[in-house]
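Me: I should like to work through the model shown below, beginning with its strand pairing and then turning to its enclosed and open spaces. Shall we take one question at a time?

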Amino acid sequence: MHAHPPLDTQLHERIRQLAKVELHLHLEGSISPETLLDLAKKHQFTIPAKFATPDLVRSHYSRYKDFRDFVNIFILGVNCLKTPEDFYLVMKQLGARLASQNVLYAEVTWTPQFYLLRPCGLDSILRVLNQARREIETELGIRVRWIPDLIRNFPKPAPKVTQWLIQQMRRGDSGIVALGLGGPEYAHPASNFELIFQAARECGLPANPHAGENDGPISVRNTLHCLQPRRIGHGVRASEDPELMALLRTQRTHLEVCLSSNIQLGIYADFEQHPLRTLLDAGCELSLHTDDPVLFQTSLNQEYQYALEYCGMHWNELLQSINAALNASYLDESTKRILQKELSRNSMV
Ligand SMILES: [Zn+2]
């Protein structure tokens, strides 16, 4: 990445005041190094010497050799989440992080299949996550919903996890609003999951897959065709195919763009190479998100500023993108209207 001039502090303050919507955010990528090491100690989990202190952990963040190197660090967080109390703690800390960025609404992804073998069971994990979710809403005024995801290259547990999610949804107030799909795209096409997502959709659980990140337009087309999503995580490599961008525009498929994630995982060399402007010029509907804010050392405030200062996004496009994010969210229409009013104050910032 090129060295950039310091970010404009006045613009930073203006961005900080904006009410925001976060749609692409992984719980496991939001654990602070301090909490990670506390949890490792609590569970007597051996951490490699290169991660012995929070600063050493932090120094490894944002310097990933490749996707696999990143996944290894992501898994470190997963391994530290053992008991319901751990999930509660991490979610409450994420709530505070969202509050500090003036986020009104967040859809948080977590990956149930990592926790299938935890003695506490998935039910108790969801129970404490929902306790944290309700407290975050009461204490901080931030609404949170869940997008649990499946993993492309570990498809075996997918039917069991999906069945469990549908059961939980039927109990009501589960907070579960969509079914995600993550992991490496290449050699793991969305078509492998077509039947599972069809069954989920028929039970009221829409598809919200990652695609067009580490594979190109072919993966986006395959995902659109097989999973029929309203939204795509990333989708940025659709920019390599004008016809595909036109299709996304006419179908109004919403793209969750995560700039720092794309650059730190080597999809693009730097912000100037990022196709955000190409996607906007093609009329694609999109919004900006953080993906794994701790692992990419970023925040929504910073992502907005990178987009404005380095990627050619205009202020009005940013405001429109926040409204578009709310519209593309899985909130019910009456709650959307309440939040629309709050977002309308952004035009005065
Ligand atoms: Zn993601």
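Me: Which residue stands opposite L25 in β2?
Reply: This is a predicted model, in which local features need pLDDT of at least 70 and side-chain atom pairs count only at pLDDT 80 or more, while totals for chains, interfaces and linings use all residues. Residues are numbered from 1 along each chain as its sequence is written, and side-chain values use heavy atoms, without hydrogens and water. Helices (H or I, at least four residues) and strands (E, at least two) are DSSP runs numbered from the N terminus. In β2, the residue opposite L25 is V108.

Me: Which helix packs on this sheet, touching β1 and β2?
Reply: Contact here means heavy atoms within 4.5 Å. The direction of the helix makes about 105° with that of β1, where axes are lines fitted to C-alpha atoms, for helices over the stretch in contact, and angles run from 0 to 180 degrees between N-to-C directions. The helix comprises residues 300-310 and is α13.

Me: How many bridges join β1 to β2?
Reply: Two strands pair if DSSP finds at least two bridges between them. β1 and β2 (residues 103-109) run parallel. The number of bridges joining them is five.

Me: In what order do the three strands of the open sheet lie?
Reply: The pairing in this sheet is parallel, and the order is β1-β2-β3. β1 and β3 (143-146) are edge strands, each pairing on one side only. From one strand to the next the twist averages 15°. The strand order is thus β1-β2-β3.

Me: Which strands form the edges of the six-stranded sheet?
Reply: This open sheet has parallel pairing in the order β4-β5-β6-β7-β8-β9. An edge strand pairs on one side only, and here the edges are β4 and β9 (285-288).

Me: Which residue of β9 stands opposite H254?
Reply: Strand β8 (residues 254-257) runs parallel to β9, and four bridges join the two. Opposite H254 in β9 stands E285.

Me: Which strand supplies the largest share of the lining of the largest cavity?
Reply: A cavity is a set of points on a 1 Å grid over the protein atoms alone where a 1.4 Å probe fits but cannot get out; lining residues have an atom within 4 Å of a point. The lining has 13 residues, with H24, T109, N208, H210 and E256 nearest the centre of the cavity. β1 (20-26), β5 (179-182) and β6 (207-211) each supply at least two of them. The largest share, four residues, comes from β1.

Me: How much space lies in the second largest cavity?
Reply: Grid points are joined across faces, edges and corners, and a volume is the space filled by probe spheres set on the points. The lining includes E22, L25, R97 and L300, and β1 and α5 (84-100) each supply at least two residues. The space amounts to about 40 Å³.

Me: Which helix gives the most to the lining of the largest pocket?
Reply: A pocket is an open set of grid points with protein on both sides within 12 Å along at least five of seven lines. The largest pocket holds about 560 Å³, and among its 25 lining residues F67, V71, I151, G183 and P184 lie nearest the centre. Elements giving two or more residues are α4 (67-80) and β4 (149-151). The most, seven residues, comes from α4.
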